[in-house]
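This report describes a single protein chain from its overall form down to selected residues. The sequence and structure are shown first.

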Amino acid sequence: MTRKALKSLSLHILFLALPQLVFANLYLGIDVLEARGFDVLEGKRIGLLTHPAGVNSRGVWTRDVLAKAPNVNLVKLFGPEHGLYGTEKANDPIEDKTDPATGLPVYSLYGKYRTPTPAMLDGLDAMVIDLQDVGTRSYTYISSMRLTMQACFENGVEVIILDRPNPLGGLKVDGPILDPELRSYVGAFPIPYLHGLTMGELAMMAKDQVGWLEIPRENRVRGKLTIVPMRGWKRSMTWGETGLRWIPTSPLISSPASVLGYALTGLGTELNGFQHGYGTPHPFRLLRHKGIYADDLMRHLATIPHPGLRFEKRTVYNQQGKPYEGVYTHLESWDAIMPVEFSFRMMILACRIEGGNPYASASGNAADLYKKHMGDLAWWDEIKNRGADARIDQFLKRWRKDNQAFVQKSRKYWLYQP
């Protein structure tokens with residue numbers, strides 16, 4: 001689709017000239033909005049969907065930035081999973097409340113409702129979305145964005161996305177594309193597990209692609225989407241190159257290291273004997289396996305392809321102050337690593353280590369939720385039925401081919417170049 005065709009979808013992208021600011025070389029969407037005097041919000045009654053990681057490059061929370069701006073009429077707040085304040089545990093339902101700092105109502109989109117109701121949207125002209133994502137399909141903030149877009153488009157409310165970096169960069173794409181029948185809150189879109197898009201780019205693609213939003217076509221086409229892009233971010237940049245401080249996006253994603261770890265080991269440590277360092281300073285990076293010493297586990301891990309990684313035995317202390325020995329996964333080459341591939345190879349390794357097939361006995365809610373996270377029903381049948389003999393290379397070949405096609409398909413929505 002050409003730029004001209006994109007404009008015909010009432011998509012407004014603000015490429016803005018900014019003055020030179022002294023605090024950063026990268027300007028987030030909220031920085032761009034500030035520098036322009038919040039002109040895109042002026043005269044509108046605004047809702048804000050955000051969390052503690054939604055800050056400007058000085059570290060000021062977007063809620064406070066908008067609440068204090070004299071020409072912004074912020075009237076309602078909305079929180080995703082983990083809540084507006086980021087203090088709630090994963091999967092815990094959250095109640096509506098009143099924000100003590102502003103006196104504004106806070107509507108939970110991870111409680112009784114995950115989609116904003118017409119009553120929640122009543123009186124709003126626009127919904128601002130400022131959520132820091134982590135670049136993996138199963139992380140729920142893109143689901144919150146999708147459901148919010150749908151509700152806003154159906155109720156005549158403009159959606160304004162303040163764009164942020166994909167912390168894993170915008171060039172690496174890895175893992176299976178979600179099977180449509182597995183769409184869920186941990187699988188919002190038919191995209192690779194590691195998708196390489198920013199929240200704004202993903203929203204543009206979702207608005208344009210048939211079937212990505214579950215609303216009538218006329219509502220999707222008529223819906224008004226405004227992206228406030230960053231300035232200074234390149235697709236080749238991972239988080240460490242942005243110069244920005246990481247603010248935890250959820251309790252276990254406490255650092256840029258755990259962002260990579262989530263893609264690297266998250267799928268490979270479920271439904272089997274692996275543990276990923278929960279309760280230690282290194283979630284998703286410090287591996288253990290029940291009944292196996294760290295030295296032995298390191299030897300097992302070395303038997304599977306692991307380009308870009310190095311393993312190191314490490315002892316830390318967990319939250320109870322007890323020693324916790326495991327194998328730390330060091331990143332040596334970002335160019336070489338394919339993190340999601342490693343996670344799938346861990347599944348086969350688990351079958352070898354355990355002398356059986358932990359996936360064959362998996363059933364019920366745990367198995368269903370895992371399939372939704374992982375996203376490929378054919379692979380689920382393969383690992384469940386063949387265990388350690390699963391033909392991983394055949395699947396990797398297909399996924400790589402699918403991902404090349406996805407990159408070509410998604411490229412027209414890129415707001416940032418390499």
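Just after helix H10, Gly355 adopts a positive phi of about 65 degrees. Helices (H or I, at least four residues) and strands (E, at least two) are DSSP runs, numbered from the N terminus. The model is predicted, so local features need pLDDT of at least 70 and side-chain atom pairs count only at pLDDT 80 or more, while totals for chains, interfaces and linings use all residues. Residues are numbered from 1 along each chain as its sequence is written, and side-chain values use heavy atoms, with hydrogens and water left out.

**Helices H10 and H8**

H10 covers residues 339-354, and its 16 residues reach 23 Å from the first C-alpha to the last, close to the 22 Å expected at 1.5 Å a residue; the expected span is 1.5 Å times one less than the number of residues. Of these 16 residues, 14 are buried, so H10 is largely enclosed by the rest of the structure. Buried means under 20% relative accessible area, exposed over 50%, and partly exposed in between (1.4 Å probe, protein chains only).

Helix H8 (residues 256-265) is likewise largely enclosed by the rest of the structure, because eight of its 10 residues are buried. The buried residues of H8 include Val259, Leu260, Tyr262 and Leu264. They pack against H10, helix H11 (364-374) and the strands E9 (192-194), E12, E13 (309-317) and E14 (323-331), where contact means heavy atoms within 4.5 Å.

**The chain as a whole**

The secondary structure of the chain comes to 13 helices and 14 strands. Its radius of gyration is 22 Å, close to the 22 Å that the globule rule gives for 418 residues, so the chain is as compact as a globular protein of that length. The radius is taken over C-alpha atoms, and the rule is 2.2 Å times the number of residues to the power 0.38. Along the principal axes, the C-alpha atoms fill a box of roughly 65 × 45 × 40 Å.

Of the 418 residues, 58% count as buried. Among contacts between residues at least 6 apart in sequence, 72% join residues at least 24 apart.

**Selected residues**

| Residue | Location | Relative accessible area |
|---|---|---|
| His276 | loop between strand E11 (274-275) and strand E12 (286-289) | 12%, buried |
| Gln209 | loop between helix H6 (199-208) and helix H7 (217-222) | 13%, buried |
| Trp399 | helix H13 (residues 392-410) | 3%, buried |
| Lys384 | helix H12 (residues 377-386) | 25%, partly exposed |

The contacts below do not count residues up to four places away in sequence. His276 touches, among others, Leu252, Thr265, Thr269, His282 and Phe284. One of these partners, Thr265, is also among the buried residues of H8. Gln209 touches Arg220, Lys409 and Tyr413.

Trp399 is in contact with Gly175, Pro176, Phe344, Asp376, Trp379 and Ile392. By contrast, the C-alpha atoms of Trp399 and Pro80, 319 residues apart along the chain, are separated by 30 Å.

Lys384 is in contact with Asn357, Tyr359, Ala360 and Ala362. Pro358 lies 26 residues from Lys384 in sequence and 8.1 Å from it in space, C-alpha to C-alpha.
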